[in-house]
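Subject: Structure for your review

Hello,

Here is the structure I said I would pass on. My notes on it follow below.

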Amino acid sequence: MTVRVRFAPSPTGYLHVGAARTALYNYLFARANDGVFILRSDDTDTARSTEEYQEDILEHMEWLGLEWDEGIVIGGEHGSYRQSDRYDRYREVARDLIESDSAYYSFATPDQLEQFRKDARDAGTSPAYDGSLEPGYGEVAGRVAAGESAVIRFRVPRPGETRFTDIVREDMVFDHKQVDDFVILRSDGSPTYHLASTVDDVDYGITHVIRGEDLLSSTPKHILLAQAMGAEPATYAHLSLLMGPDGKKLSKRHGDTAMSAYREMGVLPEAINNYLALLGWSLGDEEDVASIDEMISRFDLTTVSKNPAVFDPQKLEWLNGVYIRGMSDDEFVASTLLLVEEDLGRTLSADEREQFMEMVPLIKERTKLLPEVSDQVRFLFTNIDKYDEKSWSKVMDTPEALVALDAALAALTPLDEWTIESIESALRQMLVDTGLNARKGFQPVRVAISGSTVSPPLFESLAILGKLETLTRISNARALL
RNA sequence: GGCCCCGUCGUCUAGAGGCCUAGGACGCCGCCCUCUCAAGGCGGUAGCGUGGGUUCAAAUCCCAUCGGGGCUACCA
């Protein structure tokens, strides 16, 4: 049987990193098993769902490269894959369930329900509603016909229990005392998540449901529902939740949870995929870096960790650096040129672009987040109108600075050939002549041309900057001493 | 409160009775390299929540306990 899995976010928020991890695991599982990966929109919460969130989810799924084989946008044999288009189907199932007595009209009011739960809590028993507040069979038809507001609830068999084997949690048992007669159709005729999601899983032939652990306790409902529909329930796999540094479910108060935020801060999709995969799963050997293809070839749901995982932005950044260093120069330029231009507020001329390309090998290995590139190359394309204060006071307010700048000027001015080699030998000779060590001799030059004590390698920077500009900047700084 | 899940370095994890004086990765610290910052190399720091068992032997099995988390809606 072909493996069919789905990622079914509800568009009530942007794509969350935790959801992205769930999507990734579904994707890896599908690809590892030559299965089908489906993207569905569980948008039964009409009050909170928006098209904007839907777009955000789609955009970032594409950005991550998590291509789906069937689903929203691209379609498939099951229609639009949006639950909001399938209300008729859900109502039909609800009717069938009433017909087969697996569900019933419920007239219990919110107040009654609340009292029921409060009593149960006080008594120390299960607060799951068991249908005990409902009228006898005889009354129901009349009250429904009279137009009385009612929801449709699933009739959970009592006594009873539901057992299933979760791929990551293994054997699970839930006593039906703990499972309430849950609402499947609201009084306004709309389906709840439990109904819509399960009907879709059944109709779409989903074989494995891989989702967050927050749905673990709801699983008996979904299994019972599927069985009542006469279907074979899917196999379930519940992934642990992503936590913030405080050990609580990852949320906005821990910082960025939107995928878009990571994209904007310059994280590569390869890096976040790799990182997210590591959160709950390990490659098995002593390596943490793996391409999506390597992950696919090694992915095994049964080895996924049960433990909740704390999201660690530092490790993500490290991984991002690894991937950035692994880019070709062309790829690097392609993904950073725009950022540099945005930072400058103008486009680069052909010559400047040439300078940028020369600088690429030097800055690539110093970059963890894409936008940092702007900081590293800005000095090439703008005049130094202000020097970094700390840098200035640290190296320029010293007696050696004057000596160094004068000597550098004298050493560089006569150079006919302006290459990395000629610059280096001239400056090294300058060190010998002045008796300054490399640090004392070079740092003032660095600050003079870049404005900071931190810059790409000096000789290369001077070479790329050009002779005229270099001499001008050194003179300018010299004048300020 | 009820039910469920989880518990190895700060963090992510390897570990499925002897291979563990617990391995790797990130972080952190130090050293090396070195024109700064990175990168890289080398080394170091730090952990089996606790208490009982079972066993010749337990991080691995059992019980208890403690701790953390999730669910408990006409949200998903």
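Which residues does Q376 touch, not counting residues up to four places away in sequence? The model is a predicted one, and in it Q376 touches I363, R366, T367 and P456. Q376 is found in helix α14. With a relative accessible area of 14%, Q376 falls under the 20% limit and is therefore buried.

Helix α13

One of the contacts of Q376, I363, is also among the buried residues of α13. This helix covers residues 350-364, 15 residues in total. From the first C-alpha to the last, α13 reaches 21 Å, which is close to the 21 Å expected at 1.5 Å a residue. The helix does have a kink, of about 35°, at E358. The proline P361 follows shortly after that point.

The buried residues of α13 are E352, Q355, F356, M359, V360, L362, I363 and K364. Charged residue names appear in that list as well, including E352 and K364. As for what they pack against, the buried residues of α13 meet four helices: α11 (313-325), α12 (329-344), α14 (372-381) and α19 (458-465). Helix α14 is the one that holds Q376.

The open sheet

Strands β4, β5 and β8 form an open sheet of 3 strands in the order β4-β5-β8, and the pairing is antiparallel. The edges are taken by β4 (103-106) and β8 (183-185); each has a single partner strand, so one side of each is left without a neighbour in the sheet. On average, and with direction ignored, neighbouring strands of this sheet are turned by 45° against each other.

Strand β5 (residues 151-154) is joined to β8 by 2 bridges, and the two run antiparallel. Opposite R153 stands V183, which belongs to β8.

The β-α-β unit

A parallel pair is found in β9 (residues 208-212) and β10, with 5 bridges between them. H208 has T235 in β10 as its bridge partner. Together with helix α7 (residues 219-228), β9 and β10 make a right-handed β-α-β unit.

How much of β10 is buried? The strand spans residues 235-239, and 4 of its 5 residues are buried, so to speak of it as mostly covered is a matter of the 20% limit on relative accessible area.

Regards

Methods:
Residues numbered from 1 in each chain as written. Chains lettered and ligands numbered in written order. Predicted model: local features only at pLDDT ≥ 70, side-chain atom pairs only at ≥ 80, totals over all residues. Heavy atoms only, no water. Pairing = 2+ DSSP bridges. Axes fitted to C-alpha atoms, helices over the stretch in contact; angles between N-to-C directions. Expected span 1.5 Å × (residues − 1). Bend = angle between axes of the 7 residues up to and from the residue. Buried < 20%, exposed > 50% of the residue type's maximum accessible area, 1.4 Å probe, protein only. Contact = heavy atoms within 4.5 Å. Right-handed = clockwise from strand over helix to strand, strands pointing away.
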